[in-house]
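Okay, thanks everyone. Let me put the structure up and we can walk through it together.

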Amino acid sequence: MLNLTSRGSSHTCNGTRRRDFLQIGALGAIGLGLPEFLAAAERGVVDPSKDKRSCIMIFNLGAPSQLDTFDMKPNAPAEIRGPFKPISTKGDFQVSEILPGHAEVADKFSIVRSCYHTAAAVHDAGWQMMQTGRQFNGGVNYPHAGAVLQYIRGRRSDLPAHVVLPETMGRGGGNLPNGQAGGFLGKAYDPFSLMADPSVENFKVPDLLPPKTLGDVRIDRRRRMRAAIESRMAELEATESAKMLDKNFEAAYRLMNSPQAREAFDLTKEPTAVRERYGLNRFGQSCLLSRRLIEAGVRFVTINTFLTVFGEITWDIHGSKPFTTIDGMKNIVAPMYDQAYSALIADLDQRGLLGDTLVCGLAEFGRTPKVNPAGGRDHWPQCFSCTFAGGGVQGGRAIGASDPIGAVPADRPTNPGEIIATIFKSLGLDLHAEMPGPGGRPFPLVDFGVREIKELFA
């Protein structure tokens, strides 16, 4: 693939490279123009009244223990209930004592305590299902919910429609695609990934500005040169690959030269007190940056609480090294998450953004009801909890229920397809709409018969 910032060209086996075209990375397509959007609205694919809706998907890599966070079982035996006590909240439910910030904003979010899936109990299988609504099979990679939104509604501004913070997911142990890409929609619908830690001093977005060796005049000259070459390459430009590259080039050029984009990513514009309110760590500052991006017009932000379950303390509380202990969750993971989540919900609410911004807290599965011999809990896709706030969701409620030991849903079982349908419904998408699937065949946003979690909006 041609790289306009280097003297040569390079490519990978799939024909793409992260720093192709202005070294800006793999960005999303420019998206629907006004005529296409109006046509889609006329067909009922989108609800024009909800065009202001956005989504922040917080993905809790490692999988929080439902029994130690949102689905406490204080009357169960000690090996089931664990070491923590439930506390009252501003909602109609209790949460764990290790989440006091959640208790203060519980009137703004609701919990679904009856989530489950049928994929293997490995991290990346759950990542796939919970971000796409489907389990990958037959070599078909399904698109992330943000990629679907980008395909249907396009971008609002110079900023990409879908951004991943702080980086895309790393290894999950199953050597499977992680569900955080455009899937069969194509690489043009991959998200823009920050690939940087926004909490570090002098934080810069690696792909936002051109290399120091590449001045504005040279960039413009290369752009004009590319246009001249393309004018003589009509046959090449007719191919789908060339069309995708053209979209990516234009998106990259547009982003790199946008004062609006630079402003949105500039956390120095935030008062120190606000940054401290979110927590001066990678996840906390990612949450703050997500609010800035939503304000600037980004439609979908995915925040990975962690980058991998290997080599860092996460929600993956097996209880012994190299994984996390319950004490590690109590003293490190939960305080960090609790501070940032509660700050984000309160901040969005105070700024009048929460009504149009769905914030969902998802995970790949739950943890075993019984504490293991190492004092931790293992993988358990049969039952777990997810949270939803804003975007039309009524807060302060617990939807569904698990059995007395948090092992399986006892009421209102909820699968990944219904979770993704809930996101689409909040964003104003028609669940029966279709997009081009593998082989060009029409492919529905969600499988036939799958509906949103209606109780969240009632």
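I'll talk about empty space inside the protein and then about salt bridges.

One thing up front: this is a predicted model, so please keep that in mind as I go.

Let's start with the empty space. How many cavities of 30 Å³ or more does a search of the whole structure find? Just 1. That cavity holds about 120 Å³ of space. Its lining is made up of 17 residues, and the ones closest to the centre are Asn60, Pro64, Thr69, Phe70 and Ser385.

So which strands should you look at here? Two of the elements that each give at least two residues to the lining are β8, residues 357-362, and β11, residues 384-389. Of these, β11 supplies the largest share, with 4 residues. As for chemistry, the lining splits into 10 nonpolar and 7 polar residues, with no charged ones.

Okay, on to charges. The structure holds 22 salt bridges, and I've picked three to show you.

The pair to begin with is Asp71 and Arg113, whose side chains meet at 4.0 Å, N to O. Asp71 sits in the loop between β1 (54-59) and α3 (78-81), while Arg113 is in strand β4 (residues 109-115), so this bridge ties together parts that are 42 residues apart in sequence. Are these two buried or exposed? Asp71 has 3% relative accessibility, so that one counts as buried. Arg113 comes out at 15%, and that also counts as buried. The cut-off, by the way, is under 20% for buried.

Next up, Lys187 and Asp190. Their side chains form a salt bridge at 3.0 Å, N to O. Lys187 is partly exposed at 30% relative accessibility, whereas Asp190 is buried, with a relative accessible area of 11%.

And then Arg351 with Asp347, a salt bridge at 2.9 Å, N to O. Here Arg351 is partly exposed, with a relative accessible area of 39%, and Asp347 is buried at 5% relative accessibility.

Now, which residues join Arg351 and Asp347 in a network of salt bridges? If you click around there, you'll find Glu270, Arg291, Arg292 and Glu295 linked in with them.

So, to recap: one cavity of 30 Å³ or more, with no charged residues in its lining, and 22 salt bridges in the structure, including the Asp71 and Arg113 pair. That's it from me, happy to go back to any of those spots on the screen.

Technical notes: Residues are numbered from 1 along each chain as its sequence is written. This is a predicted model: local features need pLDDT of at least 70, side-chain atom pairs count only at pLDDT 80 or more; totals for chains, interfaces and linings use all residues. Side-chain values use heavy atoms; hydrogens and water are left out. On a 1 Å grid over the protein atoms alone, a cavity is a set of points where a 1.4 Å probe fits but cannot get out, and a pocket is an open set with protein on both sides within 12 Å along at least five of seven lines; lining residues have an atom within 4 Å of a point. Grid points are joined across faces, edges and corners, and a volume is the space filled by probe spheres set on the points. Ala, Val, Leu, Ile, Met, Phe, Trp, Tyr, Cys and Pro count as nonpolar, Asp, Glu, Lys and Arg as charged, and the others, Gly among them, as polar. Buried means under 20% relative accessible area, exposed over 50%, partly exposed in between (1.4 Å probe, protein chains only).
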